[in-house]
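Work through the exercises below on aromatic rings and the charges placed over them. Each task is followed by a solution in steps.

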Amino acid sequence: MSTIAGNTQNVFAEQVETIFNQVKRQAELYPYVREKSFQFFIEQGVPTVKNEEWRHTNTEPFLKCDYTIPSLITAPSEYSEIKNELNLKCHILFFVNGYYQKQHSSIIPDDDGIEISSIRESLLQDEVIWSSTDEILPNDGWKNLNDAFVLDGIRIRIKKNKTAQYPIRLIHLSNASEKPLLIQSRNIIILEPNAEATVIESFYATGNGATLTNNFEHIEMGNDARLTCVKLQQLENATESTSTDSLIHYTSCKLHQSSRMKCYTIALGGSLIRNNLYVVLQGSDGEAILKGLYTPTRNQIIDNRTHVDHAVSNCQSNELYKGIADDQAKAVFNGKILVRKDAQKTGAYQSNKNLLLSQEATIYTKPQLEIFADDVKCSHGATSGQLDDESLFYLQARGVCKDEARKMLIRAFAEDITTSITSEEIKTWLNNKIEQKLQ
């Protein structure tokens, strides 16, 4: 076996190689792709702090567990409560440890605009499961590991000129009771021309064991398609307010002519959460609105990286990410906007705002613009600081106690991310989740 740099990485690679044969026995489909990807992983390893894009997020401590591949298990008792927490009629697609749980999912039959199949079924039809992300995502160790290990996930297709009548809700539950689990899954979402949908994706964790989820998602939007995508990541143990669960999440989005996407990423806590969001505007008159909130506490790490590629002219992107860090937590935001030479008449805006609630908390922010066109309107900016003393004094002068005044200001700072969500049910659900975290 070829080696990769670093003792921890070597141990992780050897461990992964031991369980790779288990994957091949479970999934004989396209073994060449799996073998090739696994060899790339062995040669590269996962990104380290020597890689510029990962310099503030050290994954080595999370590679030291004695991971194994999860088996297909029944849903734990918590699934019923999770399914019912959003008061909204929607399609529900339920996953446990990366496996699609058809018996616990519910697809509303009268919605003829959508077509849903598991990745296991899609693997029998074509190789889009691997090739769909190759043009957009970096060819790093996490991608190669997912290519080699992916066993299940979901494929969603919204048909041409159709609107999904109900939101599509994906619920990912990681559950390790004994051995630590390395979970690999992949989702494909395709909106054909003039299609429209709302997708709600949430990640939860239960059980006492550690999990490391490496999840990939590809979104393909045809001409005039419209998508609202909401991501909630809440990997904390609800009873103990601790977490041994980690998430590496890659999303690639390809927008064709006149397509519109709104993406909300709410990362409320986990031992490690790394979001990688790559958007390519490759059809004119496209628009991408990206909003995010991250709230690490204790020793948690939440890292968000966005990359918006304006490949053609007359496209718009608008990006707002906010962070709140407390205790000894670390938060990272690294956002890049690329405007190519032919992308004239581009409008691109990026803003990152952060609150530090303790002296020990750390936030790294790096907004970037790379512009090769001359007829554009682009701006970016970042701020980090503590609560405003004048605003606190203003509220206290009107009879609000100091603790409640602090809560009000933090809540207003956070909920600004969700104000543009048109569904009142989804907005209320997210705000309640944010409120629980801020408490």
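**Exercise 1.** Classify Phe38 as buried or exposed, then do so for its ring partner Phe41.

Solution. Phe38 has 2% relative accessibility, so Phe38 counts as buried (under 20% relative accessible area; exposed is over 50%, partly exposed in between, with a 1.4 Å probe and protein chains only). Phe41, at 0%, is buried as well. The model is predicted: local features need pLDDT of at least 70, side-chain atom pairs count only at pLDDT 80 or more, and totals for chains, interfaces and linings use all residues. Residues are numbered from 1 along each chain as its sequence is written, and side-chain values use heavy atoms, with hydrogens and water left out.

**Exercise 2.** Find the aromatic pairs and describe the one formed by Phe20 and Phe149.

Solution. Rings of Phe, Tyr and Trp (its six-membered ring) pair if their centres lie within 6.5 Å; planes under 30 degrees apart are stacked, over 60 edge-to-face, the rest tilted. Searching the whole structure gives nine such pairs. For Phe20 and Phe149, the centres are 5.6 Å apart and the planes at 50°, so this pair is tilted. Phe20 belongs to helix α1 (residues 7-26) and Phe149 to helix α6 (residues 141-149), so the pair ties together parts 129 residues apart in sequence. Helices here are DSSP runs (H or I, at least four residues), numbered from the N terminus. Phe20 and Phe149 are both buried.

**Exercise 3.** Describe the pair of Phe38 and Phe41.

Solution. This pair is tilted, with 6.0 Å centre to centre and 40° between the planes. Phe38 and Phe41 are three residues apart in helix α2 (residues 31-44), so about one helical turn separates them. One aromatic cluster contains Phe12, Phe20, Phe38, Phe41, Tyr67 and Phe149.

Terms used: Helices (H or I, at least four residues) and strands (E, at least two) are DSSP runs, numbered from the N terminus.
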